[in-house]
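Open the model in your viewer and keep the selection tool handy. We will take a short walk through some side-chain pairs and a couple of cysteines.

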Amino acid sequence: MVKTADLCDDHASELTLCRLELKSYGGKKQFSGPISTVKVFEDNVLVKESLQTIPEGHVLVVDGGGSKNCALVGDLLGAIAEKRKLAGIIVNGCVRDTAELGTQNIGVLALGSNPFKSIKKGEGETNIPVTFGEAEFIPGHYVYADEDGVVISEKKII
């Protein structure tokens with residue numbers, strides 16, 4: 001895995017930085033892959049459906065509107081992502097079951113943690129461009145994440 005700092009040194013003009021401070025909760029601290037997206041608010045039904053259907057190696061970017069009122073991902077969804085060999089999950093919102101997520105072989109970044117579960121209405125959108133942290137996450141583009149941050153590229157760099 002190439003470090004985001006090295007990518008920025010060599011490809012700065014091709015990268016967009018996500019300017020949102022995200023905490024790492026998954027067992028993998030460095031991950032990358034093609035972007036798949038879901039946009040929800042305090043409802044994780046579409047998050048689970050996406051984790052069950054997006055291609056192996058993808059990173060699911062969840063725009064939860066920045067809400068810290070409940071968790072959108074926990075250990076059960078982390079286990080789905082791990083079993084399906086997804087690269088990781090980036091959440092503009094919260095996660096829970098953080099001790100368990102830390103043992104799973106996936107990358108998980110989020111704003112924070114919250115023990116409350118989300119509602120289950122199935123509302124939201126999938127496979128659309130989402131924007132947070134002054135960065136646009138477009139399905140099919142590539143995301144690279146590690147301890148230093150999250151950067152996005154239109155095409156695979158490495």
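Start by selecting R19 and E134: their side chains meet in a salt bridge, with N and O 3.6 Å apart. R19 sits in the loop between strand 1 and strand 2 (23–24), while E134 belongs to the loop between strand 9 (130–132) and strand 10 (135–137), so this pair ties together parts that lie 115 residues apart in sequence. Switch on a surface, and you will find that R19 is exposed and E134 is exposed too. Keep in mind as you look that this is a predicted model.

How many salt bridges does a search of the whole structure find? There are 4, and two further ones are worth a stop.

Next, select K39 and D63. Their side chains form a salt bridge at 3.8 Å, N to O. K39 is in strand 3 and D63 in strand 4 (residues 59–63), 24 residues apart, so to speak of distant parts of the chain being linked is fair here. Colour the two by accessibility: K39 is partly exposed, with a relative accessible area of 38%, whereas D63 counts as buried at 4%.

Now move to K155 and E14. This salt bridge has its closest N and O atoms 2.8 Å apart. Here too the pair links distant parts of the chain: K155 is in the segment after strand 12 (149–153), and E14 is in the loop between helix 1 (4–11) and strand 1 (15–17), 141 residues away. Both ends are partly exposed, K155 at 49% relative accessibility and E14 at 33%.

Go back to strand 3 (residues 31–39) and pick out S36. Is S36 buried or exposed? Its relative accessibility is 7%, so S36 counts as buried, the cut-off being under 20%. Show the side chain of H58 as well: the side chain of S36 makes a polar contact with it at 2.8 Å. To see the surroundings, add I54, P55, V59, L60 and V61, which S36 also touches along with H58, leaving aside residues up to four places away in sequence.

Last stop, the cysteines. A search of the whole structure finds 0 disulfides. Select C8 and C18: C8 is in no disulfide, and its nearest cysteine sulfur, that of C18, is 12 Å away. Why is this pair not counted as a disulfide? The two sulfur atoms would have to be within 2.5 Å, and they are 12 Å apart. The two residues also have their own settings: C8 is partly exposed at 31% relative accessibility, while C18 is buried, with a relative accessible area of 5%.

Note on methods: Residues numbered from 1 in each chain as written. Predicted model: local features only at pLDDT ≥ 70, side-chain atom pairs only at ≥ 80, totals over all residues. Heavy atoms only, no water. Buried < 20%, exposed > 50% of the residue type's maximum accessible area, 1.4 Å probe, protein only. Helix = DSSP H or I, 4+ residues; strand = E, 2+ residues; numbered from the N terminus. Polar contact = N/O pair within 3.5 Å; in protein donor to acceptor, adjacent residues only side chain to side chain. Contact = heavy atoms within 4.5 Å.
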